[in-house]
Amino acid sequence: MTNPSDYVPPRVWTWTQPNGGHFASINRPIAGPTHDKELPVGRHPLQLYSLGTPNGVKVTIMLEELLALGHAGAEYDAWLINIGEGDQFGSGFVAVNPNSKIPALLDRSGPEPIRVFESGSILLYLAEKFGAFLPKDIAGRTETLNWLFWQMGSAPYLGGGFGHFYSYAPTKIEYAIDRFAMEVKRQLDVLDRRLAQNEYLAGDQYTIADIAVFPWYGGLVKGWQYDAAEFLSVQDYKNVQRWAEAIYARPAAQRGRMVNRARGEASGQVRERHDASDFDGKMLD
């Protein structure tokens, strides 16, 4: 691999070799399926195809919260998509999400299935479908969407930026780690200042904004993301810590964190979820 200080970009980039690192086996510069594979379909109205990453956990927390409110129509089957093995490039998955990223949702409750992809779109779709976790007044709705889209725009700097170069890149590049650590700490400060004045991101109500932000930034300050809590001095963000602890304590959030989980202790994994009884005997450490 070229020393970073010696690299000069060519006039035209070409894909000549794997880029190394944690995701080298699945990264490629083209879209579309690599193989034929139909997706399984369960008996519930909602079919979720996902993995227990922060983006996937957003949706499973939302679904568990809806069920906790008594929305029977939110019953779902959650099927594991192993992105390390390239399941997201199967023809069936690509038909639901042409971008080949988890999570992807298929709503089969109507006369024709509706596909929903991108985690923010799924949260908004479910909030509108069930009339929950999204304020109805224009000011509250707008503030919720402000923070939902803040997460969608900010998290790539945390995940694809900081997380990649700090945890997954084949070499440690000081410039890249410093650049993205600075940005992540700025983002944590944005959240901390907001949460100093409000119980939740959109105000005094728990909304899809909190559900979207928690798996990424809540996970970061609680030490789940990238083993970087000490490096980023997350203890300094007292208001984010308070907010993250409050969401973590919610039973639906704890269940949502277990769904499609494929790492950690087996007692905390519900690799596929088809019924509430799948959580029996399960507990996160």
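## Surface, fold and aromatic pairs of a predicted model

The accessible surface of the protein comes to about 14300 Å², and carbon and sulfur atoms hold 53% of that area. The structure is a predicted model. Of the 285 residues in the protein, 46% are buried.

The protein contains 8 helices and 4 strands. Along the sequence these elements follow the pattern β-α-β-α-β-β-α-α-α-α-α-α. The radius of gyration is 19 Å, close to the 19 Å that the globule rule gives for 285 residues, so the protein is as compact as a globular protein of that length. Taken along the principal axes, the box filled by the C-alpha atoms is roughly 60 × 50 × 40 Å.

Among contacts in the protein with a separation of 6 or more, 65% are between residues 24 or more positions apart. The protein carries 28 positive and 33 negative charges, and the mean positions of these two sets are 2 Å apart.

### Aromatic pairs

The structure holds 14 aromatic pairs. A pair of aromatic rings is described by the distance of the centres and the angle of the planes. Two of the stacked pairs are set out below.

| Pair | Centre to centre | Angle between planes | Class |
|---|---|---|---|
| F162 and Y166 | 4.9 Å | 15° | stacked |
| F165 and F180 | 5.9 Å | 5° | stacked |

Both residues of the F162 and Y166 pair lie in helix α4, which covers residues 138–168. They are 4 residues apart, about one turn of the helix. F162 has a relative accessible area of 1% and is buried. Ring pairs also link F162 and Y166 with Y168, Y226 and F231 in a cluster.

The F165 and F180 pair joins two helices: F165 lies in helix α4 and F180 in helix α5 (residues 174–197), so the pair ties together parts that are 15 residues apart in sequence. What is the burial state of each partner? F165, at 22% relative accessibility, counts as partly exposed, and F180, with a relative accessible area of 18%, is buried. Buried means under 20% relative accessible area, so the two values fall on either side of that cut-off.

### Two buried positions

Q187 is placed in helix α5. Its relative accessibility is 0%, so Q187 counts as buried. Leaving out residues up to four places away in sequence, Q187 touches W150, S154, Y157, L158 and Y217.

L201 is found in the loop between α5 and α6, the latter covering residues 208–221. Is this loop residue buried or exposed? L201 has 0% relative accessibility and counts as buried. Which residues does L201 touch, not counting those up to four places away in sequence? The list is E143, W147, L191, R194, L195, A209, D210, V213 and W243. One of these residues, W147, is 54 residues from L201 along the chain, and the C-alpha atoms of L201 and W147 are separated by 6.8 Å.

Technical notes: Residues are numbered from 1 along each chain as its sequence is written. This is a predicted model: local features need pLDDT of at least 70, side-chain atom pairs count only at pLDDT 80 or more; totals for chains, interfaces and linings use all residues. Side-chain values use heavy atoms; hydrogens and water are left out. The radius of gyration is taken over C-alpha atoms; the globule rule is 2.2 Å times the number of residues to the power 0.38. Buried means under 20% relative accessible area, exposed over 50%, partly exposed in between (1.4 Å probe, protein chains only). Contact means heavy atoms within 4.5 Å. Accessible areas come from the Shrake-Rupley method with a 1.4 Å probe; for residues, only the protein chains shown count as cover. Lys and Arg count as positive and Asp and Glu as negative; His and the chain ends are not counted. The place of a charge is taken as NZ of Lys, CZ of Arg, CG of Asp or CD of Glu. Rings of Phe, Tyr and Trp (its six-membered ring) pair if their centres lie within 6.5 Å; planes under 30 degrees apart count as stacked, over 60 as edge-to-face and the rest as tilted.
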